[in-house]
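Biologist: Could you take me closely through one helix of this model and the open and enclosed spaces in the structure? I would like a careful, connected account.

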Amino acid sequence: MSQLFSPLLQRRLSQFKRNHRAFLSFWWLLAVVIICFLAPFIANDKPIFVQYKNDIHFPIFKSYPETFWGGDFATETDYRDPYVKNLINKDGWYMMPLIPYSFDTINMSLDEPAPSAPTFDNVLGTDDQGRDVMARLIYGMRVSLLFSFILTFFSAIIGVAAGAVQGYYGGWIDLGFQRILEIWQGLPALFILIILASVITPGFWPLLGVMILFSWPALVDVVRAEFLRARNFDYVRAARALGVNDFTIMHRHVLPNAMVATLTMLPFMVTGGITVLTSLDFLGFGLPPGSASLGEMLAQGKNNLYAPWLALTAFMVLAIVLTLLTFVGEGVRDAFDPRKVS
């Protein structure tokens, strides 16, 4: 461990571990991330693998027509059909995921009209279209986490770069950037998203691109302040006097100081990304209809008050995940606080 990490980083990791709430939240959050990104292996209406006539097949990765298993139709196999199950079991066997439903699988054998209450088959019930809530919950959280991670990553890169240029050069460059930021941050992001939703087809990547445009200024002020403070330090002046180029000074000597404040904000930016996507989906300006979405589940809960499991499930999951992210963020903030690192 001592060979891989610097003494300062080791002290910060030790400080983070001493914050038991943050440390436990990190492992719980990691478990949630792993479950969500393994969603196709946990919740799917296709077998993980099939052993058929001494050959192994993976329908989870490849589509097979029903005729491949000896059926009558050349369409994609419905592995929940008892007829197909009997065909496969004659010459082999298969293993289904723990939850035999995908996010868009409609349960056609419900005992009551949809949305149906929780049962042994649908642990968290179904929505108003007969789709398994547990499966949609896992896939919806996966989409939310992926969206928020990508949004935070690119927003951090743009925000750190803009703040570094402002703070390092100062003067008219800093003044001009600040005026541009004031105008940019004053734009009504929600109204712009509503307008774009009427012009282009809503989707994961278009929505992500628009959100990046309005998310990157969150880090600019923090990074700018660090660069303004550090650009007149003696080691920076000495580097300039030795002829070191500006990019090297910014990247190697000043940026590590700014990254301390940046890293403490990243968990909170992830929290904000999840909240924004959920809000947009709830309002109907987010992902396309039918997509796995926590916001869409909340909207269904609002429209079906007699099915409380819809809103309660989405609310509880959001509350737990956002709380875990907040606790991790607080732990990272304290670990990077020089007053608390011993």
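Modeller: What follows starts with helix α2, moves to the pockets and the cavity, and ends with two buried residues. The model is a predicted one, and every value below is computed from it.

I begin with the geometry of α2, whose 18 residues should span 26 Å at 1.5 Å a residue, and the distance of 26 Å between its end C-alpha atoms agrees with that expectation. The residues of α2 that are buried are A22, S25, L29, V33 and C36. Viewed down the helix axis, these buried residues of α2 fall within an arc of 75 degrees, so they line one face of the helix. On the face turned away from that buried side, α2 carries the exposed residues H20, L24 and W28. As for what the buried side meets, the buried residues of α2 pack against α1, α3 (39–42), α5 (133–169) and α13.

Helix α2 also takes part in the largest pocket, to which I turn next. This pocket has a volume of about 540 Å³, and of the 21 residues that line it, those closest to its centre are F16, F26, P267, V328 and V332. Two or more lining residues come from each of α1 (7–18), α2 (20–37), α11 (246–283) and α13 (308–335). The lining of the largest pocket divides by class into 19 nonpolar residues, two charged residues and no polar ones.

The second largest pocket holds about 380 Å³ of space. It is lined by 21 residues, and D45, D78, Y79, R80 and T105 are the ones that lie nearest its centre. By class, the lining of this second largest pocket is made up of eight charged, seven nonpolar and six polar residues.

Enclosed space is a separate matter, and a search of the whole structure finds one cavity of 30 Å³ or more. The largest cavity has a volume of about 100 Å³, and its lining includes L193, L196, A197 and I200, together with P206, L207, V210 and F285. Helices α7 (189–199) and α8 (204–215) each supply at least two residues of that lining. Sorted by class, the lining of the largest cavity has nine nonpolar and three polar residues, with no charged ones.

Two single residues complete the account, and the first of them, S144, lies in helix α5, one of the helices against which the buried residues of α2 pack. With a relative accessible area of 3%, S144 is buried, because a residue under 20% counts as such. Once its neighbours within four places in sequence are left aside, S144 is in contact with I274, L277 and L294.

The second residue is G295, which has its place in helix α12 (residues 294–303). Its relative accessibility is 0%, and so G295 counts as buried. Leaving aside neighbours within four places in sequence, G295 is in contact with T278, D281 and F282. The C-alpha atoms of G295 and R131 lie 15 Å apart in space, while the two residues are 164 residues apart in sequence.

Methods
Residues numbered from 1 in each chain as written. Predicted model: local features only at pLDDT ≥ 70, side-chain atom pairs only at ≥ 80, totals over all residues. Heavy atoms only, no water. 1 Å grid on protein atoms, 1.4 Å probe; cavity = no way out; pocket = protein on both sides within 12 Å on 5 of 7 lines; lining within 4 Å. Points joined across faces, edges and corners; volume = space filled by probe spheres on them. Helix = DSSP H or I, 4+ residues; strand = E, 2+ residues; numbered from the N terminus. Nonpolar A, V, L, I, M, F, W, Y, C, P; charged D, E, K, R; others polar. Expected span 1.5 Å × (residues − 1). Buried < 20%, exposed > 50% of the residue type's maximum accessible area, 1.4 Å probe, protein only. Arc of directions from axis to C-beta. Contact = heavy atoms within 4.5 Å.
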